[in-house]
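Okay, morning everyone, thanks for squeezing me in. I've got one chain to show you, so let me put it up.

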Amino acid sequence: MKGKICIITGSNSGIGKQTALGLAIMGATVVLVVRDQERGENARREIIKQTSNNSVDLLICDLSSMDSIRHFAKEFKNKYDRLDVLVNNAGALFNKREVTAEGFERTLAVNYLGPFLLTHELLDLLKKSAPSRIINVSSGLAKNGRVDLEDLQSEKNYVGTKAYSSMRAPVYSNTKLMLMMFTYELARRVKGSGVTANVLMPGFVATNLGKNSGSLSSSIMFKMVRPMQISANKGAETSIYLASSDEVKDVSGKCFAKKKEVLTCLESYDEDVQKRLWNKTESMLGLA
Ligand SMILES: NC(=O)c1ccc[n+]([C@@H]2O[C@H](COP(=O)([O-])OP(=O)(O)OC[C@H]3O[C@@H](n4cnc5c(N)ncnc54)[C@H](OP(=O)(O)O)[C@@H]3O)[C@@H](O)[C@H]2O)c1
């Protein structure tokens with residue numbers, strides 16, 4: 001990976017941090033994209049210390065803010081003239097419905113609109129740098145998701161992470177299904193450009209996910225299930241594989257788990273919904 005420039009969002013903790021570490025070990029230039037300077041600096045120092053790779057950069061971006069994403073993309077392009085790998089890893093879930101200052105439901109903003117817009121803003125650079133790769137971190141919970149094109153913001157029906165229902169987390173699952181469908185549609189749209197787009201399910205991983213969901217009962221629940229979870233290091237293996245392996249250099253529009261191609265739920269392959277979701281997202285983001 002020497003000479004390759006890789007962006008990993010949400011790389012100050014969990015799967016993202018281990019992905020950054022794995023790619024830094026391989027010699028890549030790794031750009032940590034995080035929302036908090038201090039947490040980011042800590043991760044950056046740790047990765048440099050463990051890998052002896054000094055090419056670990058830190059840039060700030062709040063994925064729930066479309067303004068912040070546009071600002072970040074400009075900053076990145078001013079600093080770098082190529083981008084080989086974009087890992088849309090950052091994700092979050094919330095107990096209560098919250099709306100961002102820009103008017104977007106927060107889970108949708110972080111898990112779906114953010115990666116959609118970030119990819120859109122960086123696509124010209126990825127094409128210029130081809131062969132290049134886009135990797136989206138979805139979840140096995142996407143199979144519980146639904147795409148309601150009339151209620152993408154979950155205004156009519158919000159079910160967050162409540163005790164005992166956290167594992168279903170419908171709004172989270174919906175956004176992860178959207179990310180999956182976005183990947184399949186994107187792969188078709190960039191076909192022939194030298195850019196690949198794949199999605200992955202990391203497994204059930206012991207990370208900070210859910211800890212900040214705002215519900216004491218769900219954080220207790222997350223502690224209880226810890227013995228069933230795999231390490232963040234293990235959870236990052238598929239992201240690292242998709243970012244670096246020659247085996248997948250020409251593979252696009254697929255989903256992976258445990259470094260193997262897997263099929264996803266039937267709804268995820270509905271090309272009509274994929275297209276309508278894409279168009280609707282573009283209008284929401286003012287890109288149409
Ligand atoms: N853990 C699992 O079992 C599991 C299973 C399936 C899929 N996933 C997915 O894997 C990805 C990584 O999650 P993880 O399990 O490693 O959890 P994590 O340790 O909580 O990491 C999530 C990362 O996303 C960042 N993030 C959250 N909101 C953000 C925002 N508004 N702007 C920028 N960054 C933001 C977090 O930053 P802060 O530290 O600042 O909050 C953190 O760095 C997520 O997309 C998650 O949905 C996880």
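I'll start with the overall fold and then go to one helix and one lysine.

Before anything else, keep in mind that this is a predicted model. Going through the secondary structure, you get nine helices and eight strands. The radius of gyration is 17 Å and the globule rule gives 19 Å for 288 residues, so the chain is as compact as a globular protein of that length. If you want box dimensions, the C-alpha trace spans about 45 × 40 × 35 Å along its principal axes.

Now, the inside and the outside. Of the 288 residues, 58% count as buried. Take the contacts with a separation of 6 or more: 77% of them come from residues 24 or more positions apart. On the outside, we have about 13,100 Å² of accessible surface, and carbon and sulfur atoms make up 50% of that. As for charge, there are 40 positive and 30 negative side chains, with the centres of the two sets 5 Å apart.

Okay, helix α5, residues 170-189. At 1.5 Å a residue, its 20 residues should span 28 Å, and the end C-alpha atoms are indeed 28 Å apart, so that agrees. And α5 is mostly covered, with 18 of its 20 residues buried.

Last stop is Lys-17, which sits in helix α1, residues 14-25. So, is Lys-17 buried or exposed? Its relative accessible area is 16%, and the cut-off for buried is under 20%, so Lys-17 counts as buried. And what does Lys-17 touch, leaving out residues up to four places away in sequence? That would be Gly-10, Ser-11, Asn-12, Ala-43, Glu-46 and Ile-47.

That's me done, thanks.

Note on methods: Residues numbered from 1 in each chain as written. Predicted model: local features only at pLDDT ≥ 70, side-chain atom pairs only at ≥ 80, totals over all residues. Heavy atoms only, no water. Helix = DSSP H or I, 4+ residues; strand = E, 2+ residues; numbered from the N terminus. Rg over C-alpha atoms; globule rule 2.2 N^0.38 Å. Buried < 20%, exposed > 50% of the residue type's maximum accessible area, 1.4 Å probe, protein only. Contact = heavy atoms within 4.5 Å. Areas by Shrake-Rupley, 256 points an atom, 1.4 Å probe, with all protein chains shown as cover. Lys, Arg positive; Asp, Glu negative; His and termini not counted. Charge placed at Lys NZ, Arg CZ, Asp CG, Glu CD. Expected span 1.5 Å × (residues − 1).
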